[in-house]
Amino acid sequence: MGARVPILTYHKIAPITKGTIYPGTFVPPNLFEKHLRLLNRRGFASVSTSNLFDSGLENPILLTFDDGFQDFADNAWPLLQKHGFGALVFLVLNHIGGQNDWDIAVGDKPAPLMNLETIQELAKQGTQFGSHTLSHPRLANLDEEEQRREILAFPELSVNQLPTTCYPYGSYNETTLSIVRSSAIKYGFSTDKGLNDVTTDPVRLKRIAIRHDTSVSALIYKLWRGFRYDR
Ligand SMILES: [Zn+2]
């Protein structure tokens, strides 16, 4: 059946912004580096979405980064490269080069998003990119036509990348899944908990949420729980 693949969800790799309503979306760079050292010690190696379940790796792992914050380029990517890991970053396509307006709208602090030039440079260096929809809505609240518009758009990148999508807030319904299944999108990433293998629904991949308070021992526990209980 091949190895099971944990997929980790990160957002911002940065010190927690004072006054944020979402401290959980931050992981300070020094803690992130501790995570990477742990994954190295445990023998994990990054898989690409092009061979997610047939990499031949003994301990494959996929690190994902939602929203495309500038701190990915500034803080995360240098550490990932230093420790030999790859990344899959989900971009909010109408906000590239802008800021997290969907968070600001509910009272959160602004955070800059990577611009297209930065994204293209990182893509050349090996960062994988996927879509996080056009405007970061709760897809399950939208009608079918609106969902289609949000889902069936892709980042314009100079390098060929596999089409993947990630549901904002982990919100999806049957309509979402049928739109993704009948498109060229190979994988849909949810926030459902657990690990993945070839038997996992490819449009409903499961992930492990990483937060500001995910210490190294908490990460060990989350991975153990995933392998032991698939949650
Ligand atoms: Zn998001």
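## Salt bridges

Glutamate 121 and lysine 124 form a salt bridge, with their closest N and O atoms 4.0 Å apart. The model is a predicted one. Both residues sit in helix 4 (residues 116-125), and because they are three residues apart, about one helical turn separates them. Their surroundings can be read from accessibility. Glutamate 121 is partly exposed, at 37% relative accessible area. Lysine 124 is exposed, at 61%. Elsewhere, Glu33, Arg37 and Lys82 are joined into one network by salt bridges that share partners.

The whole structure holds nine salt bridges. One of them pairs the side chains of aspartate 66 and arginine 207, at 2.9 Å from N to O. Aspartate 66 belongs to strand 3, while arginine 207 is in the loop between strand 7 (187-189) and strand 8 (208-209), so this bridge ties together parts that are 141 residues apart in sequence. Aspartate 66 is buried, with a relative accessible area of 4%. Arginine 207 is buried too, with 1%. A further salt bridge joins the side chains of aspartate 201 and arginine 204, at 3.7 Å from N to O. Arginine 204 is partly exposed, at 31% relative accessibility.

## Zinc site

Three residues supply the protein donors of the zinc ion: Asp67 through OD, and His132 and His136 through NE2. These donors lie 2.1 Å from the ion. Along the chain their spacing reads D-x64-H-x3-H. Aspartate 67 and histidine 136 are 69 residues apart, and the pair links distant parts of the chain. Aspartate 67 is in strand 3 (residues 60-67). Histidine 136 is in the loop between strand 5 (128-131) and helix 5 (144-151).

Both members of this pair are shielded by the accessibility criterion, where buried means under 20%. Aspartate 67 has 5% relative accessibility, so aspartate 67 counts as buried. Histidine 136 has 7%, so histidine 136 is buried as well.

## Cavity

There is one cavity of 30 Å³ or more. The largest cavity encloses about 30 Å³ of space. Its lining consists of Asp67, Gly68, Leu91, Val92, His95, Ile96, Leu113 and Met114. By class, the lining of the largest cavity has five nonpolar residues, two polar and one charged. Asp67 therefore appears in two settings: Asp67 is a zinc donor, and Asp67 lines this cavity; at 5% relative accessibility, aspartate 67 is buried.

## Largest pocket

The largest pocket holds about 430 Å³ of space. Its lining takes in 22 residues. Those nearest the pocket centre are His11, Thr25, Asp66, Tyr169 and Thr191. Strand 3 and helix 3 (101-104) each give at least two residues to the lining. The lining of the largest pocket is made up of seven nonpolar, eight polar and seven charged residues.

Two of the residues nearest the centre also feature in other parts of this report. Asp66 lies nearest the pocket centre with the others named, and aspartate 66 also meets arginine 207 in a salt bridge. Tyr169 is in that central group as well, and its backbone is described below.

## Nonpolar core

The largest nonpolar core has 36 residues. Leu8, Phe32, Leu63, Phe65, Phe72 and Leu80 touch the most other members. Several elements give two or more residues to this core: strand 1 (7-10), helix 1 (29-41), strand 3, helix 2 (70-83), strand 4 (88-91), helix 4 and helix 7 (216-229). Helix 2 gives the most, with six residues. In soluble globular proteins, nonpolar side chains tend to be buried together.

Strand 3 links several of these topics. Strand 3 contributes to the core, carries aspartate 67 and supplies at least two residues of the pocket lining.

## Positive phi angles

Tyrosine 169 has phi near 55 degrees, a positive value in a residue other than glycine. Tyrosine 169 lies in the loop between strand 6 (164-166) and helix 6 (174-181). At 33% relative accessible area, tyrosine 169 is partly exposed.

Aspartate 230 also has a positive phi, near 55 degrees, and is likewise a residue other than glycine. Aspartate 230 is found in the segment after helix 7. Its relative accessibility is 30%, so aspartate 230 counts as partly exposed.

Key:
Residues numbered from 1 in each chain as written. Predicted model: local features only at pLDDT ≥ 70, side-chain atom pairs only at ≥ 80, totals over all residues. Heavy atoms only, no water. Donors = N, O, S within 2.8 Å, 3.2 Å for Na, K, Ca; no water. Helix = DSSP H or I, 4+ residues; strand = E, 2+ residues; numbered from the N terminus. Buried < 20%, exposed > 50% of the residue type's maximum accessible area, 1.4 Å probe, protein only. 1 Å grid on protein atoms, 1.4 Å probe; cavity = no way out; pocket = protein on both sides within 12 Å on 5 of 7 lines; lining within 4 Å. Points joined across faces, edges and corners; volume = space filled by probe spheres on them. Nonpolar A, V, L, I, M, F, W, Y, C, P; charged D, E, K, R; others polar. Core = buried A, V, L, I, M, F, W, Y, C linked by side-chain atoms within 4.5 Å.
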